[in-house]
Amino acid sequence: MIRLRNHMVGVEQGETLVFSDFEHDGPMWTGEGTRTARRRVTFERPFRSTPAVQVGLAMWDIQGQTNQRADISTAQVTAEGFELVFRTWGDTKVGRVRANWLAIGEVAHDDDWQLD
């Protein structure tokens with residue numbers, strides 16, 4: 001559990017296009033087996049420490065004739081940003097994925113110059 005002092009809680013959210021492989025016949029659209037796509041997200045301003053980050057699918061364009069398999073998560077979470085990680089496997093054909101995300105953590109305050 002992350003405990004935050006209430007006047008120093010920061011929340012940042014956004015949406016990020018993870019990939020769009022149908023446009024150029026990329027591996028998520030044309031490949032088979034285990035495939036992974038990663039996209040780096042940088043926060044507008046760094047948090048004071050590593051925030052909690054929640055991710056979800058905002059949009060996915062997937063072929064209907066194959067099984068629909070997807071896993072979305074984060075990796076390499078730091079005070080400055082994180083990686084969105086999308087995985088699929090088997091015969092799944094994914095054209096594109098957009099993810100939404102929410103980061104909550106401690107932020108700097110003008111009055112905390114003594115803490116640096």
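Where does His-109 lie relative to β6? His-109 sits in the segment after β6 (94-106), and we'll come back to that residue further down.

## Before we start

This is a predicted model, where local features need pLDDT of at least 70, side-chain atom pairs count only at pLDDT 80 or more, and totals for chains, interfaces and linings use all residues. Residues are numbered from 1 along each chain as its sequence is written, and side-chain values use heavy atoms, with hydrogens and water left out.

## The overall picture

The protein chain has one helix and six strands, in the order β-α-β-β-β-β-β along the sequence. Helices here are DSSP runs of H or I with at least four residues, strands are runs of E with at least two, and both are numbered from the N terminus.

What radius of gyration does the protein chain have? The value is 17 Å, while a compact globule of 116 residues would come in near 13 Å. (That radius is taken over C-alpha atoms, and the globule rule is 2.2 Å times the number of residues to the power 0.38.) Along the principal axes, the C-alpha atoms fill a box of roughly 60 × 25 × 20 Å.

## Surface, burial and charge

Of the 116 residues, 37% count as buried. Buried means under 20% relative accessible area, exposed means over 50%, and partly exposed is in between (1.4 Å probe, protein chains only). The accessible surface of the chain is about 7200 Å², and carbon and sulfur atoms own 44% of that. These areas come from the Shrake-Rupley method with a 1.4 Å probe; for residues, only the protein chains shown count as cover.

As for charge, the chain carries 13 positive and 17 negative charges, and their mean positions are 5 Å apart. Lys and Arg count as positive, Asp and Glu as negative, and His and the chain ends are not counted. Each charge is placed at NZ of Lys, CZ of Arg, CG of Asp or CD of Glu.

## Contacts across the sequence

Take the contacts (heavy atoms within 4.5 Å) between residues at least 6 apart in sequence: 77% of them join residues at least 24 apart. Thr-16, in strand β1 (residues 9-20), is a handy residue to look at. Thr-16 is buried because its relative accessibility is 14%. Leaving out residues up to four places away in sequence, Thr-16 touches Arg-39, Val-41, Leu-84, Val-97, Arg-98, Ala-99 and Trp-101.

Now back to His-109, which is partly exposed at 30% relative accessibility. With the same neighbours in sequence left out, His-109 touches His-7 and Met-8. His-109 and His-7 are 102 residues apart in sequence, yet 8.1 Å apart in space, C-alpha to C-alpha.

## Salt bridges

How many salt bridges does a search of the whole structure find? It finds seven, each being a side-chain nitrogen of Lys or Arg within 4 Å of a carboxyl oxygen of Asp or Glu. One of them pairs Lys-93 with Glu-32, with the closest N and O atoms 4.0 Å apart. This pair links distant parts of the chain, 61 residues apart: Lys-93 is in the loop between β5 (81-88) and β6, and Glu-32 is in the loop between α1 (27-30) and β2 (35-42). Lys-93 is buried at 12%, whereas Glu-32 is exposed at 58%.

Arg-96 also forms a salt bridge, with Asp-61, at 3.6 Å between the closest N and O atoms. Here strand β6 holds Arg-96 and strand β3 (residues 52-62) holds Asp-61, 35 residues apart. Then there is Arg-87 with Asp-71, at 3.7 Å between the closest N and O atoms. Arg-87 lies in strand β5 and Asp-71 in strand β4 (residues 71-75), so this pair ties together parts 16 residues apart in sequence.
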